[in-house]
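Trainee: Could we go through this model together, step by step, before I take it to the bench?

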Amino acid sequence: PTCVFVNPVKEIDDVDRFLELFIRKERVCSGWEVYCSASGYSRKNRAILIDWMSEFCCEHHFQRQTFHLACNILDRFLSCSYGSMICHSKLQLVGLTALLISIKNMV
């Protein structure tokens with residue numbers, strides 16, 4: 001039988017290209033930009049909410065994937081038509097709900 005040796009340098013290049021493509025697509029497909037332009041929220045509001053969600057996850061020892069999934073759920077919800085109906089005072093509640101949904105999906 002022939003052994004196939006994998007070139008680790010080639011794999012690293014492939015991983016780097018994949019991550020670069022993934023990050024580029026995430027920027028294009030992220031719903032937060034759509035939400036900000038439609039509702040008047042700023043990047044600062046999102047940063048504050050994401051920071052709070054991050055602290056909440058650390059405090060309760062959640063997995064990192066749970067946090068990232070919650071951020072994705074949050075951005076997707078806020079980018080849809082329902083997101084424009086959320087008042088500023090309820091934004092933290094939406095973030096907490098995204099965390100609860102992501103926790104449920106991780107179990």
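Mentor: The questions below take up confidence, helix packing and a few side chains in turn.

Mentor: This is a predicted model, in which local features need pLDDT of at least 70 and side-chain atom pairs count only at pLDDT 80 or more, while totals for chains, interfaces and linings use all residues. Residues are numbered from 1 along each chain as its sequence is written, and side-chain values use heavy atoms, with hydrogens and water left out.

Trainee: In which helix is confidence highest in the chain?

Mentor: The pLDDT, the predictor's confidence in each residue on a scale from 0 to 100, averages 76 over the chain, and 66% of the residues score at least 70. Over residues 1-9 the pLDDT is below 50, and beyond near neighbours in sequence this stretch has 1 contact in the model, a contact being heavy atoms within 4.5 Å. Helices here are DSSP runs of H or I with at least four residues, numbered from the N terminus. Confidence is lowest in helix H2 (residues 32-39), at a mean of 57, and reaches its highest value, 90, in helix H5 (residues 91-106).

Trainee: How is H3 oriented to H4?

Mentor: Axes are lines fitted to C-alpha atoms, for helices over the stretch in contact, and angles run from 0 to 180 degrees between N-to-C directions. The axes of helix H3 (residues 43-59) and helix H4 (residues 64-79) come within 10 Å and cross at roughly 150°. Angles under 35 degrees count as roughly parallel, over 145 as roughly antiparallel, 65 to 115 as roughly perpendicular and the rest as oblique. The crossing angle therefore makes H3, relative to H4, roughly antiparallel.

Trainee: How many charged residues are in the contact of H3 with H4?

Mentor: From H3, Arg46, Leu49, Ile50, Met53, Ser54 and Cys57 meet Phe67, Ala70, Cys71, Leu74 and Asp75 in H4. Ala, Val, Leu, Ile, Met, Phe, Trp, Tyr, Cys and Pro count as nonpolar, Asp, Glu, Lys and Arg as charged, and the others, Gly among them, as polar. By class, this contact of H3 with H4 has 8 nonpolar and 1 polar residues, and the number of charged ones is 2.

Trainee: Which residues of H5 does H3 meet?

Mentor: The axes of H3 and H5 come within 10 Å and cross at roughly 45°, and the two helices are therefore oblique to each other. On the H3 side the contact uses Leu49, Trp52, Met53, Phe56 and Cys57, and on the H5 side Leu91, Gln92, Gly95, Leu96 and Leu99.

Trainee: Which residues form the aromatic cluster?

Mentor: Rings of Phe, Tyr and Trp (its six-membered ring) pair if their centres lie within 6.5 Å, with planes under 30 degrees apart counted as stacked, over 60 as edge-to-face and the rest as tilted. By this rule there are 2 aromatic pairs. One cluster is formed by Trp52, Phe56 and Phe62.

Trainee: What is the C-alpha to C-alpha distance from Ile73 to Leu99?

Mentor: Ile73 lies in helix H4, and, leaving aside neighbours within four places in sequence, Ile73 is in contact with Ala98, Ile101, Ser102 and Asn105. The axes of H4 and H5 come within 8 Å and cross at roughly 130°. Ile73 and Leu99 are 26 residues apart in sequence, and their C-alpha to C-alpha distance is 8.4 Å.
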